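Work through the exercises below with the sequence and the model in view. Attempt each task before reading its solution.

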Amino acid sequence: MIPKVFKQIIDLGDGRTISLETGKLAKQAHGSVVVQSGNCMLLCTVVSNYKQSDVDFLPLTVDYREKFAAAGRYPGGFFKREARPSDGEVLTMRLVDRVLRPLFPKDYHAETQVMIQLMSHDEDVMPEAMAGLAASAAIQLSDFPFECAISEARVARVNGEFVINPTRTQLEESDLEMMIGASADSVMMVEGEMDEISEEEMAEAIKFAHEAIKVQIDAQIRLAEAVGKKEVREYQTAEENEDLAKRIHELAYDKCYAIAKQGTSKVERTNAFAAIKEEIKASFTEEEMEEFGHLIGGYYSKAEKEAVRELTLSEGLRLDGRKTDEIRPIWCETDYLPSTHGSAIFTRGETQALATVTLGTSREANKIDMPSFEGEETFYLHYNFPPFCTGEARPLRGTSRREVGHGNLAQRALKGMISENCPYTVRVVSEVLESNGSSSMATVCAGTMALMDAGVEMKKPVSGIAMGLISDGKRYAVLSDILGDEDHLGDMDFKVTGTADGITACQMDIKIKGLSYEILVNALKQAREGRLHILGKITDTISEPNAEVKAHAPKMVSRRIPNEFIGALIGPGGKVIQELQKETGCTIVINEDPVTEEGIVEILGTNPDGIDTVLAKIDSLLFKPKVGSVYEVKVIKMLDFGAVVEYVEAPGNEVLLHISELAWERTDNVKDVVNMGDVFDVKYFGRDPRTRKEKVSRKAILPKPEGFKERPPRENNRDSRGGNRDRKPRPRD
């Protein structure tokens, strides 16, 4: 039986379309949809248990996977099977999760899975741009309690024009690329990178993407209505007790307000708030605690949050005593680690990052092998967030999604400012040693200084700042350089990085509906002021990249050679290049330019003499003497019929100097004229047409002896058949 299929088409306005289809695949899931653009197809399924979990949060899992079969390829590795998700897949999961999670009810705690998989790939379609659309469309077909439909779209600016969901080729030509997540009336998530754009340009791009998202949301609603919108499932809602909430508010609010106003440190503040909570618990009888003690913590947290927010809105003060636009004290240091190629410490308040830089050849490039993209990165950044940085002890279970996301943000902030002339593969690692508010932005600042300390060519230094927003609908306050607590209690968390001339990357999570673009632009402008303040602290510490890499860091020299010489430099079985690396202590990497097919030789070493030796070897391979020119040579081998000489300026290039070309006088013994190790000049005549070998002459640059007569050429006595009429036949034995 052929199932009934429902379909909706989204017009992208430039001849491209996106289709939403349901009813054919994965019908046992609570919601499933196939999203297709060109030959790219995503299958999204959603399932949520009907029983609530015994946790006080939503156990939501968003999983995005790209199947290698979708691109007609085999997975790498021994088992030839997809395994752990790549960083690219993890980043897509985070983009979808950040928009979906706030739209579930706060008291909905059922295990929920959103699974998105690339089933068919199209080179001209970037599938991750449709992942949010697929997730929301599948949820609309389910019975989940979910506030409203959303979608996500990528926006780029190519030749001054905004483009929705650009191709990878268009993206390479753009100066702005952002992923926007939004509902029909509110922008909820922004993440992207830019080429030093202004705050107003960024807001324009967000507006453009939001209009496209509204069209995608309409299509989801039409599809759900065509299928038949399901009744929202019933679930066990959270217990409420208004009298208890009011009682706790009266006990806690004023005390929390007073503590928030004291401007204490994180530890002092945490202990003081905890003491109030315990004092409130102590005011209840044992019977009351047994009846509704499980509600006290939630109601107390609500009262504490209200008090802190009101302090900021009414008095313009914050938890640590700062004003809304004030930046915490900053101190910086470079060249802290003696053995790294570059290092820097950036400390802002109670947040500290230690960044290191390592320089290498193209062999150390980060290989990216995904069904939708194959390539490599010659600049990449890794971010580590150990538990001790927040004073906690917890299990270490590998790199978290958060670490991948924060590292990617910092990488995007910095990579556009690495000069195209930088010959190295550059790896930056940020170790977060303390955290109380935006360690990712501390990573950007520490990374900038470490790169300059390493002598990496940077166009301009980059700084970053984390901003917050508190609003009650009528009043609002934009907070510069937010604390960890302010991130939790605020209405918007946005991180902005850039140079003195514009924005290079951003990441925003907006928690309130209907945020006006006026407030957004004002917040971005306040962020710029803070960013420039931090940038001044960075440049006071190190104003420009060091002119040279450190003495113990490898120096990199690149040289291009014609394709036909690559084999000679490598040698049979790699013998030449291996011996050269062993002799000089250098690392030598040879790549082929895919366009010109030239060989690109990378020489990496700490010893300048070793690098010079490798360059001399390359020069000797490329050496081509010119006809009529005079060259200095050295005798390296003696023969009965001449001497083998080596060009002094190109060691390894040898040529035979025939005995007849040693001197004008007749030479019976080579040693009568030259000896081993002698250095003298010869003239190059090119290839001898008779012997087809290269010919050089010593006598050609010597004056002829007085009275010298050249020997006449031999007579050709052979007859027309090549014989000699006077020659007697050789007798037989």
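**Exercise 1.** Determine which residue just after H5 takes a positive phi, and describe how H5 starts.

*Solution.* Step 1: Just after H5, Gly 263 has a positive phi of about 70°. Helices such as H5 are DSSP runs (H or I, at least four residues), numbered from the N terminus. The model is a predicted one, in which local features need pLDDT of at least 70 and side-chain atom pairs count only at pLDDT 80 or more, while totals for chains, interfaces and linings use all residues. Residues are numbered from 1 along each chain as its sequence is written, and side-chain values use heavy atoms, with hydrogens and water left out.

Step 2: At the start of H5, a side-chain oxygen of Asn 241 comes to within 3.3 Å of the backbone nitrogen of Asp 243.

**Exercise 2.** Compare the span of H5 with its expected span, and locate its bend.

*Solution.* Step 1: H5 covers residues 242–261, which is 20 residues. The expected span is 1.5 Å times one less than the number of residues, and for H5 this is 28 Å.

Step 2: From first C-alpha to last, H5 reaches 27 Å, close to that expectation.

Step 3: H5 bends by about 35° at Ala 252; the bend is the angle between axes fitted to the seven residues ending there and the seven starting there.

Step 4: Ala 252 is also one of the buried residues of H5, where buried means under 20% relative accessible area (exposed is over 50%, partly exposed in between; 1.4 Å probe, protein chains only). What covers these buried residues includes helices H6 (266–282) and H7 (286–315).

**Exercise 3.** Describe the packing of H6 and H7.

*Solution.* Step 1: Two packed helices are described by the angle between their axes and the distance between the axes.

Step 2: For H6 and H7, the angle is about 145° and the axes are 10 Å apart. Axes are lines fitted to C-alpha atoms, for helices over the stretch in contact, with angles from 0 to 180 degrees between N-to-C directions.

Step 3: Contact means heavy atoms within 4.5 Å. Residues making it include Phe 273 and Ile 276 of H6, and Met 289 and Tyr 300 of H7.

**Exercise 4.** Decide whether Thr 443 and Lys 582 are buried or exposed.

*Solution.* Step 1: Thr 443, in helix H9 (residues 439–453), has a relative accessible area of 1% and is therefore buried. Among the residues that Thr 443 touches are Ala 353 and Tyr 383.

Step 2: Lys 582, in helix H13 (residues 575–584), has a relative accessible area of 76%, so Lys 582 is exposed.

How values were computed
Helices (H or I, at least four residues) and strands (E, at least two) are DSSP runs, numbered from the N terminus. A polar contact is a pair of N or O atoms within 3.5 Å; within protein, one must be able to donate a hydrogen and the other to accept it, and residues adjacent in sequence count only if both atoms are side-chain atoms. Lists of a residue's contacts leave out its neighbours within four places in sequence.
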